Each structure stands twice: as C-alpha cells, then as structure tokens.
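Q: Please take a close look at a single part of the chain shown below, and then set it in the context of its surroundings. I would like a connected account, with the cut-offs behind each term stated as it comes up.

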Amino acid sequence: MLTSADIQSTITPDEGRNLPWHHNSVRGVQTVKQTWTALDGIKEMVTINREGPLGHMVRDLKERAIGFLTEMLHVGGYFVAVEDGFFVDSAEFPERNHDGIARDGQGGIAEGTVVERDPDYLAPVCDHFGNNNLPEGLNKPCDLIDGCTLCKPEKIIYIDELDPNDSAATRLACTRPFRDGTALRPEAEWAGDGVVLVQMNIPGSEDIAREAAVEMARKMGITDPQVCNLQVLHPAEGCFVEVKGQATHVDVNPSKLTIPEKIELLPADELRQFVTDHELSVVAGTVGEDEHSVGLREILDIKHGGIEKYGVKYRYLGTSVPVEKMVDAAIESGADAILISTIISHNDIHRTMMRKLADLATEKGIRDKVVLVAGGTQVNREMAAETGLDATFGRGTKGIDVLDAIVRTMRTRAEA
C-alpha cells in the first residue's frame with residue numbers, strides 16, 4: 001500500500017509460516033486494513049493546537065529531524081553515519097551520549113560478496129528481481145530452458161533418503177492430494193499439515209484456563225494441542241487463549257462442495273441509467289434496538305462507493321428505528337425500496353425484524369410496490385426466502401450488490 005514494491009525474498013517461505021506468527025501476520029494485515037479505513041478523514045477531525053505544548057513539540061521534532069538529516073549529509077551520507085554511531089544514541093539530538101549502534105561499513109557478515117551484474121546479465125527464470133536482459137523476440141526468460149521450476153514444478157528433482165519408510169517420496173505421496181487440489185485440509189507450515197489455531201475465551205484463572213483449553217481442544221479432535229498464547233482479560237472475566245494443534249480428520253473433497261452460484265452484477269452504467277430513468281429512491285435505517293450504523297452507511301454513502309454513487313436518493317432514518325416507522329417513511333416518500341440493517345442476533349431477533357418488515361409491508365398494501373432488503377453480519381442471502389424479503393446480504397457486501405438486487409427485482413416485477 002505504501003510503496004507498491006515487489007520484493008523478492010531469499011528466505012524459504014516455510015521459514016516465515018510458523019504458528020502463531022503466520023496467523024498473527026494475517027490478522028495484522030486485517031487490522032491495518034481496518035485502521036486505514038477508520039482513519040479516513042482523520043485530518044479533518046483532529047488538529048494540533050499550535051499554541052499548546054503539542055504544537056511546540058511538533059515544531060521541535062521537525063527541527064531536530066531536519067538537523068539530523070543535514071548532519072548525516074554533511075558527514076558523508078547514511079553509511080558514514082552508521083559507522084559513526086548516529087543511530088539509537090540515547091541523547092536528544094543535537095547532543096550525543098556516543099552510545100549509539102556503530103557498524104564498520106567495510107566489514108562484517110557478507111562483506112565483499114555483492115557482485116555487480118554485467119550490463120547483458122540474463123537469468124532464465126520468470127520471477128526475477130532486477131533488470132533481466134531478454135533477447136529480442138523472447139516472451140518468457142525460461143523459454144530458453146524449456147520452462148523454469150517456477151513455471152514447471154514437476155522439473156524439481158528431490159534427492160531421496162535411503163530409508164524407504166521415511167523418504168521425500170513417501171512424505172510427498174502423503175500430501176499429494178493437498179497439493180494437486182483433490183483434497184483440502186487446514187495448513188500453516190507445510191502442505192496438508194492440518195495445523196490449526198483455535199481461539200477461545202475461558203471464564204477462569206490463568207492456571208485453569210491453560211489446562212482447560214488444552215482439554216477442550218482434545219475434545220474437538222485436535223491432536224497435540226499446545227497453548228501458544230494466553231492473555232488474562234480481567235480476573236473477573238477470564239482469559240483469552242489460543243491453542244495450536246493438528247486437525248487431520250477434517251479433510252474435504254472440494255469437488256463435493258456446494259458452491260453458491262456467483263451473481264454476475266449488472267454493468268455500472270446500466271445500473272446508473274436505470275436509477276436515472278426511474279428516479280430511484282430508498283429509505284434506510286438500523287431497526288429495533290440496534291445502534292450499529294457503519295455498515296449501512298457504507299452501503300449508502302458515495303464516500304464509500306455506496307448506492308448514492310449511482311444516483312440513488314436515500315433517506316437515512318438513523319439507528320434503533322421501529323420497523324413501523326421504516327414502512328411509513330417509505331409510503332410517505334414514495335420510496336422504491338426499504339433497506340434495513342440488523343446486527344443483533346440474540347434470540348434470533350434479526351430474523352424477527354426481517355419477518356416483521358415483510359409482514360408490515362403486506363399489511364399496509366405496499367409489498368408488491370417496494371423492494372425489501374436486509375443486511376447484517378449474521379445475515380446470509382438464503383434468509384430472503386425464509387423471511388419473505390426480496391434480498392438479504394451478509395459480510396463483505398458493497399453498495400453495488402444491493403443496488404443490483406433492487407434493479408433486478410424491479411425489472412422482474414415490471415415484466416410479470
């Protein structure tokens with residue numbers, strides 16, 4: 001996101017895929033995405049009081065930083081600064097305690113091993129970092145050698161061990177279904193290892209939670225369970241525990257899975273034209289006692305690529321809106337659709353709210369005139385038929401998905 005750089009790593013991939021670090025890395029990326037989104041518009045919301053202590057501190061830091069960089073250039077650049085121990089010095093610049101980290105630029109590990117490439121350097125591999133001089137008319141570098149091992153993994157030759165019961169060939173045979181796609185199993189360190197990370201909250205002390213988590217994992221069928229992370233939430237609440245283990249009994253044949261049909265969305269221009277032709281408008285709100293609003297606003301607002309982007313006019317009624325008010329607002333404004341958000345799912349209240357919307361629309365005689373749509377984290381698209389609505393959406397839904405459903409429903413009714 002920050003550099004758009006593709007970096008070639010010389011480290012074997014498995015080295016970076018140990019648990020829990022692999023899982024934590026994935027979660028870290030998700031956290032960055034959420035933070036990045038949440039900080040949208042932060043400059044407009046937070047300003048520095050230049051007259052207060054923070055304002056003076058910011059100016060001071062800038063001046064010191066510029067002075068530090070200037071001195072670095074003055075002494076001869078970054079590498080000279082490293083040799084002189086500029087970095088991690090405990091004093092406040094421009095003072096120095098001379099306890100910074102210093103390294104000899106002409107020595108150390110791998111000194112003298114970097115060799116500059118010749119101008120006509122050519123490597124017959126496709127995934128390559130740096131300049132690769134291809135002969136004219138050659139599309140892929142590895143065409144010179146009839147395919148590199150990155151393009152043709154079958155060319156990799158494994159040097160087998162002498163033990164026929166524990167050899168590379170034997171181990172590869174065990175994991176072949178998980179490498180050729182005929183079977184699926186969780187993995188983290190190598191193909192088909194079955195390693196999983198289970199998270200649980202246990203209402204007990206640290207000592208009890210550790211042993212309880214291991215025993216619970218065993219009862220789940222997880223072998224060799226180990227607690228790899230334990231955090232005391234609060235002595236009165238219990239502990240958050242992560243257990244690593246193997247689940248080699250959960251193999252899945254992907255060919256036998258029922259994959260939901262992928263909906264091909266109507267082109268954006270077509271949706272925009274339909275909205276213009278029909279002057280499409282909707283009423284929207286979070287219903288019941290539910291105060292969640294972010295997800296629905298992302299469906300609506302142009303700022304988040306919502307339906308407003310396509311010209312839809314909407315009336316947002318806010319949160320904790322009675323379903324009756326949603327229906328009345330649609331009647332009063334002549335809206336083409338009612339969009340409700342329902343996150344709370346205790347005692348199936350989200351289903352209750354969706355059914356109530358359908359029943360009220362029928363009771364007030366607008367069911368065949370208004371498109372009814374519901375969304376929430378515990379909602380899936382199969383719930384539409386179950387609750388009597390026209391469309392239902394869960395996690396990951398975007399404005400265009402909702403608008404596509406509205407337009408399709410309105411077209412179907414017009415053709416009936």
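A: Helix α12 (residues 399–415) is built from 17 residues and reaches 25 Å from its first C-alpha to its last, close to the 24 Å expected at 1.5 Å a residue, where the expected span is 1.5 Å times one less than the number of residues. Helices (H or I, at least four residues) and strands (E, at least two) are DSSP runs, numbered from the N terminus. The model is predicted, so local features need pLDDT of at least 70 and side-chain atom pairs count only at pLDDT 80 or more, whereas totals for chains, interfaces and linings use all residues. Residues are numbered from 1 along each chain as its sequence is written, and side-chain values use heavy atoms, with hydrogens and water left out.

Within α12, the buried residues are G399, I400, V402, L403, D404, A405, I406, V407, T409 and M410; buried means under 20% relative accessible area, exposed over 50%, and partly exposed in between, with a 1.4 Å probe and protein chains only. The cover over these buried residues includes the helices α7 (268–278) and α8 (294–300), together with the strands β4 (281–286), β6 (337–341), β7 (371–375) and β8 (391–393), contact being taken as heavy atoms within 4.5 Å.

The wider setting is a region that UniProt, in an unreviewed entry, annotates as "domain: B12-binding" at residues 279–416; UniProt positions are given in the numbering used here, feature names are shortened, and annotations may be inferred rather than shown by experiment. Over residues 279–416 the chain is 40% helix and 17% strand, with its end C-alpha atoms 21 Å apart.

Salt bridges can also be followed around this helix's setting. A salt bridge is a side-chain nitrogen of Lys or Arg within 4 Å of a carboxyl oxygen of Asp or Glu, and a search of the whole structure finds 19 of them. One is formed by R367 and D390, whose side chains meet at 3.1 Å, N to O. R367 lies in the loop between α10 and β7 and D390 in the loop between α11 and β8, so this pair ties together parts that are 23 residues apart in sequence. R367 counts as buried at 17% relative accessibility, while D390 is partly exposed, with a relative accessible area of 26%.

Another salt bridge joins K356 to E324, with the closest N and O atoms 3.2 Å apart. Here K356 belongs to helix α10 (residues 349–363) and E324 to helix α9 (residues 323–333), so the pair ties together parts that are 32 residues apart in sequence. K356 counts as partly exposed at 33% relative accessibility, and E324 is likewise partly exposed, with a relative accessible area of 32%. In addition, D348, R351, R355 and E386 are linked in a network of salt bridges.

Helix α11 (residues 383–387) holds A385, which is exposed, with a relative accessible area of 74%. The C-alpha atoms of A385 and V327 are separated by 20 Å, with their positions 58 residues apart along the chain.

For a salt bridge within a single helix, one can turn to E63 and R59, whose side chains meet at 3.3 Å, N to O. Both residues lie in helix α3 (residues 53–75), 4 residues apart, about one turn of the helix. E63 counts as partly exposed at 47% relative accessibility, whereas R59 counts as exposed at 56%.
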